[in-house]
Amino acid sequence: MNRRIVLARRPKGPPVAEDFRLETHPIPSAAPGRVLLRTRYLSLDPYMRGRMSDARSYAPPVALDAVMTGQTVSVVEASQVPGFQAGDLVLANVGWQDYGLSDGRDLTKIDPANPHPSYALGVLGMPGLTAYVGLLDIGQPRAGETLVVAAAAGAVGSVVGQIAKLKGCRVIGVAGGTRKCAYAREELGFDDCLDHQVAELPQRLAAACPQGIDIYFESVGGAVLAAVVPLLNVGARVPLCGLVAWYNLEKLPEGVDRTPQLLLTVLRQRVKIHGFIIFDHYQRMGAFQRDMGGWLREGRIRYREEVIEGLESAPRGLIGLLQGENFGKLIVRVSKE
């Protein structure tokens, strides 16, 4: 039988367990022109919260009662598509289920000799490409500049900071908790990392960035963005790939309206804020994989995964991810080797 986790209802604010439903259906068959895939690993990513909403966005929402979307590392069980055969390991888009079908056009083969096939969902996949394109193409780092990166111990932020160090930048991370901050400093080589859960973040960030901020890699928003804005230098660049602190908003937050401060800073400091969706940049995948593969082999980039067991754990994992509970790239191991 095929277990599937579907969207049972649209969340009101932060997702809860009741927004998902586990169903069981017969395993589909590989009809002509189809590949039957068995999920080995499922990626959990912040963008999934947006797909649970029916608000206007860059991609269609998950339909009610449909399988939750998600990239997977999958094994070909049966194939009636030339070029794929049983046993092949592929990067796929099966979503939150044990088995799924593809016409083959969205599949990318993974080298069976790769000791870490799940890396295709992280440092060698979409999150890694997000860090690479956002920093190098939009942030355009120069040696000696100061970069601040939010979610510094996460799948994107950890890679952003390490690439920036390779380019000669001074790197300040912001993360939630002492363990994550220590990891960024001691394992990833950041110059400093600040715990946003501790009071007086604006003052501590200003002390850590005495020459101001030249690049702010944004994926969080909220209090971190408010602390960064007064420190942006003339000509600063802000690659913007996410705003996870605001993904669960049902209405505009109460309190001080910081829009005037933000826009006045953008004007006076000639700041470039560039929002980007990584699916628009997949033409950079070849260069990215060559560079990142080399950096990993040379030990110049370090990477951390957090693996949770079982498809049934996916809802709890995503709920925790949106609350900042994960430590590294969050992966669900759906089936054994």
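Author: Two strands count as paired if DSSP finds at least two bridges between them. The model discussed here is predicted.

Reader: In what order do the six strands of the open sheet lie?

Author: The pairing in this open sheet is parallel. Its edge strands, β10 (192-195) and β13 (272-275), each pair on one side only. The order is β10-β9-β8-β11-β12-β13.

Reader: Which residue in β12 is the bridge partner of Ile215?

Author: Strand β11 (residues 213-217) pairs with strand β12 (residues 232-240) in the parallel sense, over two bridges. For Ile215, the bridge partner in β12 is Arg237.

Reader: Which strands does α2 touch where this helix packs on the sheet?

Author: The direction of α2 makes about 150° with that of β11. In packing on the sheet, α2 touches β8 (146-149), β11, β12 and β13.

Reader: What angle does the direction of helix α4 make with that of β10?

Author: Helix α4 (residues 178-186) also packs on the sheet, where α4 touches β9 (170-175) and β10. The angle between the directions of α4 and β10 is about 170°.

Reader: Are α2 and α8 roughly parallel or roughly perpendicular to each other?

Author: The axes of helix α2 (residues 126-139) and helix α8 (residues 285-297) come within 10 Å and cross at roughly 100°. Angles of 65 to 115 degrees count as roughly perpendicular. The two helices, α2 and α8, are therefore roughly perpendicular.

Reader: How many nonpolar residues does the contact of α2 with α8 have?

Author: From α2, Gly128, Leu129 and Tyr132 meet Met285, Ala287, Phe288, Asp291 and Trp295 in α8. By class, one residue of this contact is polar and one is charged, while the number of nonpolar residues is six.

Technical notes:
Residues numbered from 1 in each chain as written. Predicted model: local features only at pLDDT ≥ 70, side-chain atom pairs only at ≥ 80, totals over all residues. Heavy atoms only, no water. Axes fitted to C-alpha atoms, helices over the stretch in contact; angles between N-to-C directions. Helix = DSSP H or I, 4+ residues; strand = E, 2+ residues; numbered from the N terminus. Parallel < 35°, antiparallel > 145°, perpendicular 65-115°, else oblique. Contact = heavy atoms within 4.5 Å. Nonpolar A, V, L, I, M, F, W, Y, C, P; charged D, E, K, R; others polar.
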